[in-house]
Amino acid sequence: MFHHVVLMGFKRPLTESDQAFIVRHCELLMTVVPGLIEMRLVANASKRSPELTHAIVATFADAQAHDFYQTTPEHEALSRFVGDIKTQLVVLDYVA
């Protein structure tokens, strides 16, 4: 399995509309990316890094599925949206 974690902090609190956009794109990506097993938006429950309020957590069958995901228009749209409102973004990819 290939895991992809994107930790994010934002210029302002995410609105319901912001969250809905991200969730819709996670769901859409699962329909267009073969090998994308799970993808979801989660809120950070830790008080140790309050500047990172949310994460997108994804599990892929393998690195090739992740690489394909990176090239899709749906990923581009999600990246643009997050890029416009983020203050911080940290990516962690790992194989387990």
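**Group meeting: the largest pocket and the helices around it**

Let's start at the pocket. Helix α3 gives the largest share of the lining of the largest pocket, 4 residues. Keep in mind that this is a predicted model.

How big is the largest pocket? Its volume is about 160 Å³. Here is the lining. From the start of the chain come His 4, Val 6 and Met 8. Then we have Ile 56, Tyr 69 and Gln 70. His 75, Leu 78, Ser 79 and Val 82 follow. Leu 89 and Val 91 complete the list. Which elements give two or more residues to that lining? They are β1 (2-10), α2 (63-70), α3 (73-85) and β4 (86-95). On chemistry, the lining has 8 nonpolar residues and 4 polar ones. None is charged.

Stay with α3. This helix has 13 residues. From first C-alpha to last, α3 reaches 19 Å, close to the 18 Å expected. Its buried residues are Glu 74, His 75, Ala 77, Leu 78, Phe 81, Val 82 and Ile 85. Why do they line one face of the helix? Seen down the axis of α3, they fall within an arc of 160°, so one face holds them. Turn to the face pointing away from that buried side. There you find Pro 73 and Asp 84, both exposed. And what do the buried residues of α3 pack against? The partners are β1, α1 (16-32), β2 (36-43), β3 (54-60), α2 and β4. Note the overlap with the pocket: His 75, Leu 78 and Val 82 are buried residues of α3, and they also appear in the lining.

Next, α2. Ala 65, His 66 and Tyr 69 are its buried residues. Their arc, seen down the axis of α2, is 100°, so they line one face of this helix. They pack against β1, α1, β2, β3, α3 and β4. Tyr 69 is also part of the pocket lining.

Now α1. It has 17 residues, which should span 24 Å at 1.5 Å a residue. The end C-alpha atoms are 24 Å apart, so the two agree. Which residues are buried in α1? Asp 18, Phe 21, Ile 22, His 25, Cys 26 and Leu 29. They cover an arc of only 135° around the axis, which puts them on the same side of α1. The face turned away from that side carries exposed Glu 16, Ser 17 and Thr 31. What covers the buried residues of α1 includes β2, β3, α2 and α3.

Two single residues before I stop. The first is Leu 89, in strand β4. Is it buried, partly exposed or exposed? Its relative accessible area is 39%, and the partly exposed class runs from 20% to 50%, so Leu 89 is partly exposed. Leaving aside neighbours within four places in sequence, Leu 89 is in contact with Val 6, Leu 7, Met 8 and Val 82. Take Val 6. It is 83 residues from Leu 89 in sequence, and 6.7 Å away in space, C-alpha to C-alpha. Both residues are in the pocket lining.

The second is Lys 47. You will find it in the loop between β2 and β3. Lys 47 counts as exposed because its relative accessibility is 76%, and the cut-off is over 50%. Its C-alpha atom is 25 Å from that of Ser 17, 30 residues away along the chain. Ser 17, you will recall, is one of the exposed residues of α1.

Conventions:
Residues numbered from 1 in each chain as written. Predicted model: local features only at pLDDT ≥ 70, side-chain atom pairs only at ≥ 80, totals over all residues. Heavy atoms only, no water. 1 Å grid on protein atoms, 1.4 Å probe; cavity = no way out; pocket = protein on both sides within 12 Å on 5 of 7 lines; lining within 4 Å. Points joined across faces, edges and corners; volume = space filled by probe spheres on them. Nonpolar A, V, L, I, M, F, W, Y, C, P; charged D, E, K, R; others polar. Expected span 1.5 Å × (residues − 1). Buried < 20%, exposed > 50% of the residue type's maximum accessible area, 1.4 Å probe, protein only. Arc of directions from axis to C-beta. Contact = heavy atoms within 4.5 Å.
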